[in-house]
Amino acid sequence: MILPRFDVLTPATVTEACALLAAHTAAGVRILAGGTDLLVELRRPIIPQHVPRCDGCPTHPEGAVFSTIDCTMWNSEPLMAAGGSVRAAVKPPAFLLSLHKLRDLRGLQKRTDGSLRVGACTTITDIERSRDIREGWTALAEGADNLGSPLVRNRGTVGGNIANARPAADTAVPTIALRATLVLRSTSGIRTIAAADFPTGPGKTIINPGEILTYIEYPAPAKYSGSAYHKLANRKALEISTVGVAVYLALETPGGPVADVSVALGAVGPKPLAAASVGPVLLGRIPDETAINDAARAAMEDARPIDDHRGSAWYRLQMVEVLTRRLLKTALARAEGKK
Amino acid sequence: MSNYRILNTRARRVDAVDKITGRAMYTDDFQRPNMLYAALLHSPLAHARILNIDTSRAEALPGVKAVVTWREAGTVPYGVSPARYDETIFCYDKVRYVGDEIAAVAASDLDTALEAINLIKVNFEELPLVLDGLTAMNDGQPRLHDQYKNNMCAEVHWHFGDIEQGRRESHIIRTDKLTSKMQDGAFMEPQSVLAEVDAQGDLIMYSSTQAPHYVQRTLAMALQMPLHKVRVIKPAVGGGFGPKASCSTAELATCLLAMKTGRPVKITFDREQVFLHSRARHQFFHTMTTGIKKDGTLSFLDHHCILDGGAYASFGIATIYYAGSLLGGPYRLKNMKYDGYRVVTNKPACGAQRGHGAVIARALFEVQLDRLAEELGLDPIELRLKNVMEAGETTCNELFVSSFGMREALEAVRDSAAWQTKRERAGKTHRNGKGIGAACGFFVSGAGYSIYRSRTYHCTVITKVDEVGGGVLVQSGAADIGQGSDTVLAMITAEELGITLDDVRVVSGDSKLSVDLGAYSSRTTLMTGHACREAAQDVKRQILSAIAALLSVPPETLDLKDGFLVSLAGPLDISELRREYLREHLGFTDLPEGPQLTFAEAGRIAFLELGAIVGTGKYKPPPLGGSFKGAAVGTSPAFGCSAQVAEVTVDLETGRVTVDKITGAHDCGFAINRTQVEGQMQGSMMMGMGEALMEQIQYDTKGRIVNANLAEYKIPTALDMPHLEAIIVESHEPHGPYGAKEVGEGAIMPVIPSILNAIYDATGVRIDELPITPERVVAALRTGGK
């Protein structure tokens, strides 16, 4: 893997980081946390990425030709961008702002109200190994279990996984289902946003240039609640899910009706999605076989899958139902203390 | 069990410590003073005419030492099969796939080289694409090469026996199809090349190749150099599986740049380039009609196959022949018809990959056997046992099997996997997601003929005793690419000379040392093994004759054993020889004592008598095969065979297949190194499982690979691997050294069909498209798997 040239900024505090970020926005800066997504994205293309089209100019009297280098008189869109592995040609940033010195952003803090504050630079391995998370926010632990490989999990961070905004992100999907709040910081202050509202499309979020994702806050789980995540993929590690589903379910009492439910879907839309249709179907009902089947079918209505090289829209839609059904049952068992 | 001291054991590989500790030197590990870095300009378009190439801006970039295109490289056609030379070092008239090489740059650092590549301006006229192998030969399709009318690179039409007669004798006849996708070798080490020209003007190239000899020939031919002035050296290689068995543009261009600049030049592929260069598994479209008699005897096979080979011929002619010929065994099949078509398309060229040409054909045929068994109401293993060949038989396409442990292998996996019990249990809960399936395989143990027409020996080995005595050096051109051939050569030499493995050093993989056709067609243990044994025996004869003359005893009464020269005819008086040796070593401690001469003494004294003790060995197969067109492909001095049982669990809702266990038995004739034989079997199971369940190169509509990396091109991870049981069957091949024959490729043959058959057992549906992704399983389940 060959990287373009860039300079690395290494702020020692969050305040300094925000200032540096603001100062370098114009020149082009990207935030570096674990680097497991960013460096792969920045790698230098092996074959020419742009083949612009020229319909005839003094240097291209042949007309209708394509060139691997620029021409001042291109009069239409490039014939193609990217080759080999298809990916959009990204202009490499002049600077990377590394968060590795910001100790405050790494680690977990369970608060007196039962909620959990997770620093954005907490590694996936830290999440995976946290007993608190596995007990209280199981879906997040299961997302971490399934992300990449041990090497990736040791470097990758939960903040990076969420901010990178891939539709299949293994910690973003449970984070939405668990109704977490994201804390964004910039030189002009702090703002918070619901995790479900953060991504806007593939690789896109509501984050402003100059803002850093600093913390993810997971609310306290209800007394009789459970959560679960499942990643469907072709192999057991180093995978991007074909479909990923996370479920949070709370009961009024064990054996009683559903007090709260939240379902999030991964890889079936341009971003991780909250399946809003499930709640109305399940709330207040005893979660029996019929209720769960109804809820699973309802989740399909929220999915907006496409065909791509990892699977067809048809298959993904079917799997939303299967996984939602299974995960509702798992979360139910956990809510009733059966794990 | 055996009378050998070293052979047939689990001796430690000679390269184990170097590789584990990171000391082994791979091509990319080499640095040279003043070394330049090369980069290649790959075509971004799949099919286009080149109108103009302007390298002036690249040449002007500071740090750039040379830019080469077809103008510098010439347009000497080359390729793999001399009958189909269809490549040039660089494209000059057209590009034929995304990745086709147009130019190369050498610069003082890699960044500059890559920057220069982007400054080369190429004007293209885009041409219509041919991306679908099935329709590539249709009239009206754009043509890739002038020489391939209808994009037909090679076709085969064979008819052995009489399939009409076979039809008449059949009780059941059925037709089935199986298609696959192009696949990648996914070896660990990307291709790497370092070329330099020495002070004598010799071109020396280090390359991660499987076949130094063929690469040497191609370099000399395409670069128009005398053969003896070209030397190819293969350092440690991290796997090949076939794609590294032929000369590449990376090798040719790097040599050209070294010649042009007079400086060492290196290139190492990015993983994406490994995919672009490909030369890996073809895409296969098989249709087979097979008939069977009421008693379960096979009556005929009518086989039709289209092979999508990408843009160039590469190994493709051999591939299309192998796809047909290797169905001649391991079952008695009197009537076989084969029509094979290998087409070119605007995708990276396909070549040889483990189980060359035969893997997908084998998969469909073994699926057919299961379907026929089901229709006949026979157990699938029983049906196979009814039809297996025995040693001494000849297939309908004139392949003679001199040893054949097929029955033993099949019975071994049946018993070891508790087939009967599990089939019965599965019978009750049939289609409940748990399944078991079996299949067999058949493969050559070395190609009977070299790729170019020649009477050439396929290998020579030169073994020399250290003049100081004690050590032995084995020189061979054989390519150890991780399969362990150096260890095999060391073990054979140590066995023959009665010494320890540590007394033997092997230097290999260098075209200057000896000729060897390379690591392909599972040939090295049998062929180079023969030559190595002959060389060691030559050495032994010389030592024994020198000592015998000094002691005035007949040489046949002497032997080398356990590190000593021993007498088979009563005690010897060695005192005079011992005195001489001790006199030479005044001041040394730990000198030999006791009544027998050590190997070190014997070797030293033989040198004092005769000069250098150098033994040579050679091997080429006897004339093999029939006289029909293409009869040479598929011939071999011996054939390996194998059987496997796969057990799977299928999630009937998600379609996710988990392989729980694979039990395999392979007849390797005789295991020179038991651990290495098992390793080849386990590696084959892993690779076959990946090809069955996950591996597929995917293209977009412009012919670009969308998954040219190991994140998106899936191979099994350690977590995906089931329990593997490897059973060694030894049938003692009369044409192999010590009875040995292949295991490297044959063991992959039954993997895909045993998994396909197990999935059917688990689900009741048949999958006719590989890989068996969860989605394909779900689709089959929902449509009933037609």
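Trainee: Which residue of E15(B) stands opposite Trp158(B)?

Mentor: The residue opposite Trp158(B) is Tyr338(B), which belongs to E15(B), and you should keep in mind that the model we are reading is a predicted one.

Trainee: What makes strand E7 of chain B a partner of E15(B), and is the run parallel or antiparallel?

Mentor: Two strands count as paired when there are at least two bridges between them; strand E7 (residues 152–160) of chain B is joined to E15(B) by eight bridges, and the two run antiparallel. The requirement is therefore met.

Trainee: Which way does strand E14 of chain B run with E15(B), parallel or antiparallel?

Mentor: Strand E14 (residues 298–308) of chain B and E15(B) run parallel, and eight bridges join them. One example is Asp308(B), whose bridge partner in E15(B) is Val343(B). Between these two strands the chain passes through helix H9 (residues 316–325) of chain B, in a β-α-β crossover that is right-handed.

Trainee: What makes that crossover right-handed?

Mentor: You look with the strands pointing away from you, and the crossover is called right-handed if the path from the first strand over the helix to the second runs clockwise. The path from E14(B) over H9(B) to E15(B) is right-handed, so it runs clockwise in that view.

Trainee: How many residues of E15(B) are buried?

Mentor: Seven of the eight residues in E15 (residues 336–343) of chain B are buried, so that by the cut-off each of those seven has 20 or more other C-beta atoms within 10 Å of its own.

Trainee: Why is Glu128(A) called buried?

Mentor: The cut-off is 20 or more C-beta neighbours, and Glu128(A) has 20 of them inside 10 Å, which is why it counts as buried. This residue lies in helix H3 (residues 124–129) of chain A. Leaving out residues up to four places away in sequence, Glu128(A) touches Ala141(A), Ala144(A), Asp145(A) and Arg153(A).

Trainee: How far apart are the C-alpha atoms of Glu128(A) and Asn154(A)?

Mentor: Their C-alpha atoms are separated by 10 Å, while along the chain the two residues are 26 apart.

Trainee: Which strands are the edges of the sheet E8-E9-E14-E10-E11 of chain A, and what makes them edges?

Mentor: That open sheet has five strands in the order you gave, with antiparallel pairing. Its edges are strand E8 (108–110) and strand E11 (189–194) of chain A, and each of these pairs on one side only. Neighbouring strands in this sheet are turned against each other by 20 degrees on average, with direction ignored. Inside it, strand E10 (residues 181–186) and strand E14 (residues 212–218) of chain A are joined by five bridges and run antiparallel, and Leu182(A) has Ile216(A) in E14(A) as its bridge partner. Helix H1 (residues 14–24) of chain A lies across E10 and E14 of chain A, at about 135 degrees to E14(A).

Trainee: What kind of pairing does the sheet E19-E18-E17-E23 of chain B have?

Mentor: This open sheet of four strands has mixed pairing. Its edge strands are E19 (504–507) and E23 (614–619) of chain B, each pairing on one side only, and the twist from one strand to the next averages 20 degrees. Strand E17 (residues 459–465) of chain B is joined to E23(B) by six bridges, and these two strands run antiparallel; there, Lys464(B) has Val614(B) as its bridge partner. H15(B) packs on this sheet, where it touches E17, E18 (472–476) and E23 of chain B, and its direction makes about 150 degrees with that of E23(B).

Trainee: Which helix gives the most to the largest nonpolar core?

Mentor: The largest nonpolar core has 350 residues, and among those with the most contacts inside it are Val247(A), Ala38(B) and Ile755(B). Helix H15 (residues 524–551) of chain B gives the most to this core, with eleven residues.

Trainee: How do you know whether the radius of gyration of chain B agrees with that of a compact globule?

Mentor: A compact globule of 786 residues would have a radius of gyration near 28 Å, and chain B has 28 Å, so the two agree. Of these 786 residues, 62% are buried.

Note on methods. Residues are numbered from 1 along each chain as its sequence is written. Chains are lettered from A and ligands numbered from 1 in the order in which they are written. This is a predicted model: local features need pLDDT of at least 70, side-chain atom pairs count only at pLDDT 80 or more; totals for chains, interfaces and linings use all residues. A residue is buried if 20 or more other C-beta atoms lie within 10 Å of its own, exposed if 12 or fewer, and partly exposed in between; C-beta atoms are placed from the backbone. A nonpolar core is a set of buried Ala, Val, Leu, Ile, Met, Phe, Trp, Tyr and Cys residues joined through C-beta atoms within 7 Å. The radius of gyration is taken over C-alpha atoms; the globule rule is 2.2 Å times the number of residues to the power 0.38. Axes are lines fitted to C-alpha atoms, for helices over the stretch in contact, and angles run from 0 to 180 degrees between N-to-C directions. Two residues are in contact if their C-beta atoms, placed from the backbone, lie within 7 Å.
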